[in-house]
Amino acid sequence: MSAQTFAITFDGYWREPNKSGVPAESGVYCVYSCVYNATTKKVSLKKLIYIGEAADVKNRIANHEKLPDWKKHLKSGEELCYSFGGVLSSDRERCEAAMIFKHKPPENTEYVNSFPFDQTTMSLSGKTALLVKKFTVNRT
């Protein structure tokens, strides 16, 4: 393994009632708390709760065992909201680990305090609210 740079374009945001719209593709996903404005049809993200990866993100989110834990972070008037970034299967874990190590979401435990990969630079674009758009992490 060696130093690598990954560019991920995030799409979103899917609210909990609409999460079936998340692509059934390989990638990294973020779980947020948000407030939905029905008048403007826009979401306002409040907090990054969790970062994950899956071969089929749509299926993973639909059946995630941490859903009750994510909901504990919601305040009155908030709901869960999701974003998705396509990543090749071979790179998913490394990209997920870099994002977790950098952002330290409260519901993640793995990779929060250690990063087991070689130097990794992430360049995030698209729906990236509450995320650092460009960063580099090193093996710890």
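**Close-up views of a predicted model**

**View 1. Ser123 has Lys134 in strand S6 as its bridge partner.** Strand S5 (residues 120-126) and strand S6 (residues 134-137) are paired in the antiparallel sense, with four bridges between them. Strands here are DSSP runs of E of at least two residues, helices are runs of H or I of at least four, and both are numbered from the N terminus; two strands pair if DSSP finds at least two bridges between them. The model is predicted: local features need pLDDT of at least 70 and side-chain atom pairs count only at pLDDT 80 or more, whereas totals for chains, interfaces and linings use all residues. Residues are numbered from 1 along each chain as its sequence is written, and side-chain values use heavy atoms, with hydrogens and water left out.

**View 2. Six strands make up an open sheet of mixed pairing.** The strand order is S3-S2-S4-S1-S5-S6. Strand S3 (42-54) and S6 are the edge strands, each with a single partner, so one side of each has no neighbour in the sheet. From one strand to the next, the twist averages 30° (axes are lines fitted to C-alpha atoms, for helices over the stretch in contact; angles run from 0 to 180 degrees between N-to-C directions). Strand S1 (residues 4-15) runs parallel to S5 and is joined to S5 by seven bridges; within this pairing, Thr9 has Ser125 of S5 as its bridge partner. Strand S2 (residues 27-37) pairs with S3 in the antiparallel sense through eleven bridges, and Tyr29 is matched there with Gly52 of S3.

**View 3. Helix H3 (residues 92-103) lies across strands S1, S2, S3, S5 and S6.** The helix runs at about 130° to S3.

**View 4. Phe101 and Phe115 are among the residues in the seven aromatic pairs of the structure.** Their rings lie 6.1 Å apart, centre to centre, with 40° between the planes, and form a tilted pair. Rings of Phe, Tyr and Trp (its six-membered ring) pair if their centres lie within 6.5 Å; planes under 30 degrees apart count as stacked, over 60 as edge-to-face and the rest as tilted. Phe101 belongs to helix H3 and Phe115 to the loop between H3 and S5, so the pair links parts 14 residues apart in sequence. Phe101 is buried at 19% relative accessibility, and Phe115 is buried at 0% (buried means under 20% relative accessible area, exposed over 50%, partly exposed in between; 1.4 Å probe, protein chains only). Tyr111 and Phe117 form a tilted pair, with ring centres 6.4 Å apart and planes at 45°; both residues are buried.

**View 5. Lys104 lies over the face of Phe101, and Arg15 over the ring of Tyr36.** Lys104 is 4.3 Å from the ring centre of Phe101. The charged end of Arg15 is 3.7 Å from the ring centre of Tyr36. For such a placement, NZ of Lys or CZ of Arg is within 6 Å of the ring centre and within 35 degrees of the ring normal.

**View 6. Lys19 is located in the loop between S1 and S2.** At 14% relative accessibility, this lysine counts as buried. The side chains of Lys19 and Glu16 are joined by a polar contact of 2.8 Å. A polar contact is a pair of N or O atoms within 3.5 Å; within protein, one must be able to donate a hydrogen and the other to accept it, and residues adjacent in sequence count only if both atoms are side-chain atoms. Leaving aside residues up to four places away in sequence, Lys19 touches Trp14, Ile61, Ala62, Leu67 and Tyr82 (contact means heavy atoms within 4.5 Å). Tyr82 also belongs to an aromatic cluster with Tyr29, Tyr50 and Trp70.
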